[in-house]
Amino acid sequence: MSKVYLTPVSVFLIFQFTFIGTYILAVLEGHVVPTVPYISDAATYSPESCVFGQLINIGSVLLGITIYIRYRQVLQLYEHNPDLGTAVLRHNRVALWFGMISCLGISIVGNFQETNVRMVHFIGAFFCFGCGSLYFWVQALISYLIFPMAGTRLFAHLRLAMSVGCTILFILMAVTGVMSHILFKGENPRKWYPSDGGWYFHVVSSISEWVMATIFSFYILSFTNEFRDISFDHPPISLLSFTMTV
């Protein structure tokens, strides 16, 4: 049996270490200015881009495992409590799809730097934050539907609040990000100074991204207590055929 509750903790730790560590390394290397760069800007150049990509790939896999465990948990709750209604099953499937697309987006962001493949990077960011926010909304609804069989009312309220916060921050980040780049008159957006134009919009957009990424991590961490009631055995392996070559 495995300690499933450690999975959300691992996701939280690896993402926080990735964001903060990449930022510190990028500042020390002189690739960005310390005044609130985008997370992607801090992970644009080598060696921090290499570290960021490697850790993000690991984190996206662990996040996918966490999302799948949550899916199976809700599925088991329905099988033992069919009075929950089929709506829970529908929401659970939708949440799984949104969550997995968000994981794919996270991996794309980590492997396709903004300076190299801009459009692919932006698509990955949209998958990450957009589908991630939708996943949070559906999970907040599920949290209310499965209470009191699993979870608490407090965590359901917290997930709803974090979903609202992520949605507002996503819109704010996108709008101010576009406006800041329209007004930008400098040469290198990785080193954005107040004299380059669009500075305040840039700061609002980048802060929104950092706060949203932090909320993402805490949202996944909120599953820890519920995962304490889950155990997974190693999957059985069956040989369909056995051949020997001499």
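**Entry 1: H3 and H4**

I began with the packing of H3 against H4 in this predicted model. The two axes come within 9 Å and cross at roughly 175°. I therefore recorded H3 and H4 as roughly antiparallel, the angle being over 145 degrees. By class, I noted 16 nonpolar, 10 polar and two charged residues in the contact of H3 with H4.

**Entry 2: H1 and H3**

I next examined helix H1, residues 6–28, against H3. The pair packs at an angle of about 160°, with the axes 9 Å apart. This makes H1 roughly antiparallel to H3. I logged the crossing of H1 past H3 as left-handed. The residues of this contact divide into 17 nonpolar, seven polar and one charged.

**Entry 3: H3 and H5**

I then turned to H3 and helix H5, the latter covering residues 118–146. Their axes come within 12 Å and cross at roughly 30°. Angles under 35 degrees count as roughly parallel, so I entered H3 and H5 as such. H3 passes H5 in a left-handed crossing.

I listed the residues that make the contact. H3 contributes Ile67, Arg70, Val74 and Leu77, while H5 contributes Tyr135, Gln139, Ile142, Ser143 and Ile146. I classed six of the residues in the contact of H3 with H5 as nonpolar, two as polar and one as charged.

**Entry 4: Glutamine 139**

I looked up glutamine 139, which is found in helix H5. Is glutamine 139 buried or exposed? Its relative accessibility is 1%, so glutamine 139 counts as buried, the limit being under 20%. Setting aside residues up to four places away in sequence, I found glutamine 139 touching Arg70, Ala95, Tyr219 and Phe223.

**Entry 5: Salt bridges of glutamate 226**

Arg70 led me to the salt bridges, of which I count three in the model. The side chains of arginine 70 and glutamate 226 meet in one of them, at 2.6 Å from N to O. Arginine 70 lies in helix H3, residues 48–80, and glutamate 226 in helix H8, residues 224–227, so the pair ties together parts that are 156 residues apart in sequence. I noted both arginine 70 and glutamate 226 as buried.

Glutamate 226 also forms a salt bridge with arginine 159, and the closest N and O atoms are 2.5 Å apart. Here I find distant parts of the chain linked again: glutamate 226 is in helix H8 and arginine 159 in helix H6, 67 residues apart. Arginine 159 is buried, as is glutamate 226. I recorded Arg70, Arg159 and Glu226 as linked in a network of salt bridges.

**Entry 6: Arginine 190 and aspartate 41**

I checked a further salt bridge, that of arginine 190 with aspartate 41. Its closest N and O atoms are 3.7 Å apart. Which parts of the chain does this pair tie together? Arginine 190 lies in the loop between helix H6 (153–183) and helix H7 (199–221), and aspartate 41 lies in helix H2 (residues 39–42), so the connected parts are 149 residues apart in sequence.

I also looked up the accessibility of each partner. Arginine 190 has a relative accessible area of 8% and is buried. Aspartate 41, at 3% relative accessibility, likewise counts as buried.

**Entry 7: Phenylalanine 112**

I moved to a loop residue, phenylalanine 112, located between helix H4 (86–111) and H5. I entered phenylalanine 112 as partly exposed, with a relative accessible area of 35%. Leaving aside neighbours within four places in sequence, phenylalanine 112 is in contact with Val117, Val120 and His121. I also took the C-alpha to C-alpha distance from phenylalanine 112 to glycine 124, which is 8.5 Å for a sequence separation of 12 residues.

**Entry 8: The whole chain**

I closed with the overall description. The protein has eight helices and zero strands. Read along the sequence, I obtain the pattern α-α-α-α-α-α-α-α. The C-alpha trace spans about 60 × 60 × 25 Å along its principal axes. Of the 246 residues in the protein, 46% are buried. Among contacts with a separation of 6 or more, I noted that 74% are between residues 24 or more positions apart.

Terms used
Residues are numbered from 1 along each chain as its sequence is written. This is a predicted model: local features need pLDDT of at least 70, side-chain atom pairs count only at pLDDT 80 or more; totals for chains, interfaces and linings use all residues. Side-chain values use heavy atoms; hydrogens and water are left out. A salt bridge is a side-chain nitrogen of Lys or Arg within 4 Å of a carboxyl oxygen of Asp or Glu. Helices (H or I, at least four residues) and strands (E, at least two) are DSSP runs, numbered from the N terminus. Buried means under 20% relative accessible area, exposed over 50%, partly exposed in between (1.4 Å probe, protein chains only). Axes are lines fitted to C-alpha atoms, for helices over the stretch in contact, and angles run from 0 to 180 degrees between N-to-C directions. Angles under 35 degrees count as roughly parallel, over 145 as roughly antiparallel, 65 to 115 as roughly perpendicular and the rest as oblique. A crossing is left-handed if the near helix is turned anticlockwise from the far one by less than a right angle, and right-handed if clockwise. Contact means heavy atoms within 4.5 Å. Ala, Val, Leu, Ile, Met, Phe, Trp, Tyr, Cys and Pro count as nonpolar, Asp, Glu, Lys and Arg as charged, and the others, Gly among them, as polar.
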